[in-house]
Every structure is written in C-alpha cells, then in structure tokens.
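Reader: I should like to learn how the features of a protein model are read. May we go through them in turn?

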Amino acid sequence: MLRHAFTKLDLVRVHGHHFMRNPASGRVMRKLGMQHEGTRRKHAVKWGKFEDDELYGILEADWSKMANQSAERNRDLSRAVLNDLPKS
C-alpha cells in the first residue's frame, strides 16, 4: 500500500490513526515504518465514550530509504543462500 502511495500516486506523506485502546493497530503502523506523531485527547466519541486518537505518519523520503535498505538485505540474504547450496 505504501509503495503504491509513493510510487504511483506520488504522495509525499501518508498518515494513519487509531484509538488508544487498540494498540495492535499502532504496532502495525510502526512495523510499516510510520512514526508516532501525537495524541489527540478525547478526540472522538464512540459508543457514548470519549476516545483518544493516536496519530502516525511516514514521509516518502523515509519510506524510500527504508525500502532501499530492505532490498539490500534481501539481496544479501539471497547471495548467502545461494553460496550455501551444494556445488554440483
């Protein structure tokens, strides 16, 4: 999804948010490389209760750097696996 946003749509920034009581969503965003940008306290009402909203974001430049590092690690891993194969 981030690749599409940055390479096809030419976006500069992608952001997301989740209710504080759902930390699993925050973990997903951090795994994608997003940074926690702040908390909007008592931002929304859900089921009659005020909820805090956690904000995350990532810039294209940061995503690009992370994607290049990941590609390099994958190439290194592929080389290591190929080098460990028995020679015929």
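Author: The dialogue below takes up the overall layout, the sheet, two acidic residues, an aromatic pair and two backbone angles. Please keep in mind that this is a predicted model.

Reader: Which elements does the chain contain, and what pattern do they follow along the sequence?

Author: The chain has three helices and three strands. Their pattern along the sequence is α-β-α-β-β-α.

Reader: How many residues are there, and what percentage of them count as buried?

Author: The chain has 88 residues, and 19% of them count as buried. Its accessible surface is about 7,100 Å², with 55% of that belonging to carbon and sulfur atoms. As for contacts with a separation of 6 or more, 53% are between residues 24 or more positions apart.

Reader: How should I read the sheet?

Author: Strands of a sheet pair through backbone hydrogen bonds, and the pairing is either parallel or antiparallel. In this model, three strands form an open sheet in the order S1-S3-S2, and the pairing is antiparallel. Strand S1 (13-19) and strand S2 (35-46) are the edge strands, each pairing on one side only. From one strand to the next, the twist averages 25°.

Reader: Over how many bridges do the strands pair?

Author: S2 and S3 are joined in the antiparallel sense over eight bridges, while S1 and S3 pair antiparallel over seven. Individual partners can also be named. Glu54 in S3 is the bridge partner of His18, and Thr39 stands opposite Glu54 as well. Arg40 has Asp53 in S3 as its bridge partner.

Reader: Where does helix H2 lie with respect to the strands?

Author: Helix H2, residues 23-31, lies across S1 and S3 and runs at about 160° to S1.

Reader: Let us turn to single residues. Is Asp53 buried or exposed?

Author: The cut-off for a buried residue is under 20% relative accessible area. Asp53, which lies in strand S3, has 1% relative accessibility and therefore counts as buried.

Reader: With which side chains does the side chain of Asp53 make polar contacts?

Author: One polar contact, of 2.4 Å, joins the side chains of Asp53 and Arg40. Another, of 3.0 Å, links the side chain of Asp53 to that of His17. Arg40 is thus met a second time, having already been named as the bridge partner of Asp53. Not counting residues up to four places away in sequence, Asp53 touches His17, His18, Phe19, Gly38, Thr39, Arg40 and His43.

Reader: Is Glu51 buried or exposed?

Author: Glu51 counts as buried, because its relative accessibility is 7%. This residue lies in strand S3, which spans residues 49-59. The side chain of Glu51 makes a polar contact of 2.7 Å with the side chain of Arg21. Beyond its neighbours within four places in sequence, Glu51 is in contact with several residues, among them Phe19, Arg40 and Lys42. The C-alpha atoms of Glu51 and His18 are 9.7 Å apart, although 33 residues separate the two along the chain.

Reader: How is a pair of aromatic rings read?

Author: A pair of aromatic rings is described by the distance of the centres and the angle of the planes. One aromatic pair is counted here. The ring centres of Phe6 and Trp63 are 5.4 Å apart and the planes stand at 40°, so the pair is tilted. Because Phe6 belongs to helix H1 (residues 2-8) and Trp63 to helix H3 (residues 60-84), the pair ties together parts that are 57 residues apart in sequence. Both Phe6 and Trp63 are buried.

Reader: Which residue in the turn between S2 and S3 has a positive phi?

Author: S2 and S3 form a hairpin with two residues between them, and Trp47 in the turn has a positive phi of about 50°. Trp47 is exposed, its relative accessible area being 74%.

Reader: Where is Lys42 placed, and what is its phi?

Author: Lys42 is in strand S2. Its phi is near 50°, a positive value in a residue other than glycine. With a relative accessible area of 57%, Lys42 is exposed. Lys42 also appears among the contacts of Glu51.

Terms used: Residues numbered from 1 in each chain as written. Predicted model: local features only at pLDDT ≥ 70, side-chain atom pairs only at ≥ 80, totals over all residues. Heavy atoms only, no water. Helix = DSSP H or I, 4+ residues; strand = E, 2+ residues; numbered from the N terminus. Buried < 20%, exposed > 50% of the residue type's maximum accessible area, 1.4 Å probe, protein only. Contact = heavy atoms within 4.5 Å. Areas by Shrake-Rupley, 256 points an atom, 1.4 Å probe, with all protein chains shown as cover. Polar contact = N/O pair within 3.5 Å; in protein donor to acceptor, adjacent residues only side chain to side chain. Pairing = 2+ DSSP bridges. Axes fitted to C-alpha atoms, helices over the stretch in contact; angles between N-to-C directions. Phe/Tyr/Trp six-rings, centres within 6.5 Å; stacked < 30°, edge-to-face > 60°.
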